[in-house]
Amino acid sequence: MADKVQIAQDTWWVGANDYDTHRFEAIWPLPGGISYNSFLIKDEKTALIDAVKGAFLPGLLERIKALLGERPLDYVVVNHMEPDHSGALAVIRESFPDVVIVGNKKTANLLEAFFGITQRLKIVDDNEALNLGRHNLRFFLTPMVHWPETMMTFDELSGVLFSGDAFGGFGAVADGIFDDQVETSYFEREILRYFSNIIAKYGDFVNKAIVRVSQLPIKVVASTHGPIWRDRPGDIIDHYARWSRQETEPQLAVIYASMYGNTRRLAEAVASAASREGVKTVRVMDVSRMEPSFIISDMWTCRGLVLASPTYNTRLFPLMASMVDMLQNMKLKNRFLGLAGTYGWSKGALAALLEFAKITKLPLVAPTIEAHCAPTRQDLDQCDQLGREMARALTQPPNR
Ligand code: FEO
């Protein structure tokens, strides 16, 4: 789907589907592509709400011009300055020299730093409105969803919430743009992956924003990525609310690294014991085989997290070190932690994992296991005990 699509009264999707970028932000895989949703409102005044990545500018301009004809574009509302949405702004300004760019004070700083744009700006404050004729756009500053300048725009006539990155997901909207036209289960997986990879660190800010916009009579949720939610807008808001509060389920994620299979034996022993004790969802994930993006997504709803790693050059195995660094940066809560390490000629892995436990303050389930080279019967019995204790812990609400 590459043409303009009407999403509400006087309002069209004019965005782009990106199947070429392999990794979003050069990190996160995009097997199903991604959309950059941009919207045009045609009223007495015309307004573009968010734009697209620079490479997709020609299609955006084509769609805008097809809708506007000889009319000028009066405003571009910039809900978010990350270049996947703002990359086309400089050329839009060249194409429509009189266009006024609408953002907040923090948007203005980034506009200058990224594109040298300092003129013809309209700086709006929280709860301020911009009237286009029939449509009245009201702005809500929602910092850190996902950058400091992020805001949301609510069209009081059509009930469309232009939410920026919030409520977005990976996956191009190729065959249909609305939630009632697409396979929602696919998008829900890709939305959780997007949320957990990109937005989760700012969960408290997301929650604050959700509490504010939940008061609005929202009919349509139009994020900058993924489907437009016109059939069940409440569903996507509820998903984001639960995920951002880190409402975990009695599920177990066992994330491990293993060079020669010894640490894998520890991971499997923990997983198998938890499963025997009745934990129905046990996800065993190898950092050497699975992309961090999918590991983070699959562990996000799990109340139990077990990390198992060998020592590599006196430290944590590098791919596990990277994984742990990502997890540490996500302000994890509402989870129980279990740890296992192995070592050969030098210890290191378990000490690093214990440091992770100290920093995150996640409640640690005993025992922690440290095996020398190949696990002994006693080591495996301890893993069995960790799996059983973890299964018991998962039935309890975690302390934090
Ligand atoms: Fe879709 Fe934070 O940019």
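This is a tour of a predicted model, with selections given stop by stop.

**The open sheet**

Begin by selecting strands β1, β2, β7, β8, β9, β10 and β11, which in that order make up an open sheet of 7 strands with mixed pairing. At the edges are β1 (5–8) and β11 (121–123), each of which pairs on one side only. From one strand to the next, the twist averages 25°.

Now restrict the view to β8 (residues 46–49) and β9 (residues 75–77). These two strands run parallel and are joined by 3 bridges. To find the register, select alanine 47, which stands opposite tyrosine 75 in β9.

**Helices on the sheet**

Add helix α1 (residues 57–68). This helix lies across β2 (11–13), β7 (39–42) and β8, and runs at about 15° to β7. Next add helix α4 (residues 105–115), which packs on the sheet and touches β10 (100–103) and β11. The direction of α4 makes about 150° with that of β11.

**The antiparallel strands β12, β13 and β14**

Move on to β12 (residues 129–131) and β13 (residues 136–141), an antiparallel pair joined by 3 bridges. Selecting alanine 129 and arginine 138 shows one set of bridge partners, with the arginine in β13. The two strands form a hairpin with 4 residues between them. In the turn, select glycine 133: its phi is positive, at about 135°.

Keep β13 on screen and add β14 (residues 151–155). Here the strands again run antiparallel, with 5 bridges between β13 and β14. Leucine 137 has aspartate 155 in β14 as its bridge partner.

**Histidine 225**

Go to the loop between β16 (220–223) and β17 (228–229), where histidine 225 is placed. Is this histidine buried or exposed? With a relative accessibility of 0%, histidine 225 counts as buried, because the cut-off is under 20%.

Display the side chain of histidine 85 as well. A polar contact of 3.2 Å links the side chains of histidine 225 and histidine 85. To see the surroundings, show the residues in contact with histidine 225, leaving aside neighbours within four places in sequence. Among them are the aromatic residues Phe24, Tyr36, Phe167 and Tyr194. The list also includes Asp84 and Asp165, as well as Gly168 and Gly169. Ile34, Ser35 and Asn37 are in contact with histidine 225 too.

**Helix α10**

Select helix α10 (residues 318–328) and color its buried residues, Met320, Met323, Val324 and Leu327. Looking down the axis of α10, these buried residues fall within an arc of 95°, so they line one face of the helix.

What do the buried residues of α10 pack against? Show strands β18 (249–256), β20 (302–312) and β21 (315–316), together with helices α9 (292–299) and α11 (349–360): the buried residues of α10 pack against these elements.

**Cysteines**

Finish with the cysteines. The structure holds 0 disulfides. Select cysteine 302 and find its nearest cysteine sulfur, that of cysteine 383, which is 18 Å away. Since a disulfide needs sulfur atoms within 2.5 Å, cysteine 302 is in no disulfide. Cysteine 302 is buried, with a relative accessible area of 1%.

Then select cysteine 373. The nearest cysteine sulfur to it is again that of cysteine 383, at 15 Å, and cysteine 373 is in no disulfide. Cysteine 373 is partly exposed, with a relative accessible area of 41%.

Technical notes: Residues are numbered from 1 along each chain as its sequence is written. This is a predicted model: local features need pLDDT of at least 70, side-chain atom pairs count only at pLDDT 80 or more; totals for chains, interfaces and linings use all residues. Side-chain values use heavy atoms; hydrogens and water are left out. Buried means under 20% relative accessible area, exposed over 50%, partly exposed in between (1.4 Å probe, protein chains only). The arc is that of the directions from the helix axis to the C-beta atoms. Contact means heavy atoms within 4.5 Å. Two strands pair if DSSP finds at least two bridges between them. Axes are lines fitted to C-alpha atoms, for helices over the stretch in contact, and angles run from 0 to 180 degrees between N-to-C directions. A polar contact is a pair of N or O atoms within 3.5 Å; within protein, one must be able to donate a hydrogen and the other to accept it, and residues adjacent in sequence count only if both atoms are side-chain atoms.
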